[in-house]
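Work through the exercises below with the sequence and the model side by side, and try each task before reading its solution.

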Amino acid sequence: MAVAEPYTMLLASLPHLPAPGSVKQLPISRLQLKNRLKWLTPEDQRRLHAMDIALHWAHLSVDLSDAQMLQRAQGALEQIGSAFLYPIVLERLEMRTFAAALRRRRRNQPPRPDEPWGVGRFVRQIETHFHEPAFGLGHLYPWIAQAHQHLQDNEPMALENLLIMESWKQLNRVDDRHGFGFDAVALYTLRWEILHRFIHRDTEKALTHFDTLVSHALEASPVSLEALT
């Protein structure tokens, strides 16, 4: 049996995931997806769990400092074991770093010198251009200025929609380059998470999330894949 065949069978059993906004129900439930993922080897399930830890921090102790959370995320990122998935997960963490910086600016709380507060390639850029709407990166990430405006205007649902759609676009940009192995399965779970978040969002949750976004420097997405692995 070819190595890729189990992945191919798993992927063939999964329904297509449409773009957020085009359906009102998930084409596959959390329980159904969780059962399909049991086809993965224990090692692959461990890698999927590492990706979840890197992206979702809600399960971490509230006693952890931002520096400890960043260290946990970086350690989990290294354990995913995929050169293909690494930049995808890193970009998601960088998106969270941008969001954290926007919240800091709203609270007039710029990062202190040598303070660990963000992840990725743009931490110093953000610090240098902290008071610019898009941190001098509007040509690369036009959504940052939009998110800034939504924060300023107290528009939680608009901000929630923007972050969800930007996450979806990020995965669409890489979708055509993956194969049919573990990377493709991991991408599917990431897309499922985003679609789940969009379908189950509502104004009340968006308001709660908005308050959380403003209150905490480094906050996790409210949706986690943890229950799937």
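**Exercise 1. Decide whether Arg 197 and Glu 160 are buried or exposed, and then describe how their side chains meet.**

Solution. In this predicted model, begin with the surroundings of each residue: Arg 197 is buried, and Glu 160 is buried as well. Next, look at the side chains, which meet in a salt bridge with 3.3 Å from N to O. Then place the two residues along the chain: Arg 197 belongs to helix 9 (residues 182-199) and Glu 160 to helix 8 (residues 156-175), so that the pair, 37 residues apart, links distant parts of the chain.

**Exercise 2. Find which residues are linked with Glu 115 in a network of salt bridges, and classify Arg 112 and Glu 115 by their accessibility.**

Solution. Start with Arg 104, which forms a salt bridge with Glu 115, the closest N and O atoms lying 2.8 Å apart. This pair joins distant parts of the chain, with Arg 104 in helix 5 (residues 85-106) and Glu 115, eleven residues apart from Arg 104, in the loop between helix 5 and helix 6 (123-128). Continue with Arg 112, whose salt bridge with Glu 115 has its closest N and O atoms 3.9 Å apart, which fits the definition because the cut-off is within 4 Å. Put together, Arg 104, Arg 112 and Glu 115 are linked in a network of salt bridges. For the last step, Arg 112 counts as exposed because its relative accessibility is 54% and the limit for exposed is over 50%. Glu 115, by contrast, counts as buried because its relative accessible area is 14%, where buried requires under 20%. In the whole chain, the count comes to ten salt bridges.

**Exercise 3. State how many helices and strands the chain has, and how many of its contacts with a separation of 6 or more join residues 24 or more positions apart, as a percentage.**

Solution. Counting the elements gives ten helices and zero strands. Turning to the contacts with a separation of 6 or more, residues 24 or more positions apart account for 72% of them. To complete the picture, buried residues make up 48% of the 229 residues in the chain.

**Exercise 4. Work out where pLDDT stays under 50, and which elements have the lowest and the highest mean pLDDT.**

Solution. First take the average, which is 83 for the chain, with 80% of the residues scoring at least 70. Among the elements, helix 2 (residues 30-37) has the highest mean, 95, and helix 10 (residues 203-215) the lowest, 55. Finally, pLDDT stays under 50 over residues 217-229. Where pLDDT is low, predicted coordinates should not be read in detail.

Notes: Residues numbered from 1 in each chain as written. Heavy atoms only, no water. Helix = DSSP H or I, 4+ residues; strand = E, 2+ residues; numbered from the N terminus. Buried < 20%, exposed > 50% of the residue type's maximum accessible area, 1.4 Å probe, protein only. Contact = heavy atoms within 4.5 Å. pLDDT = per-residue confidence, 0-100.
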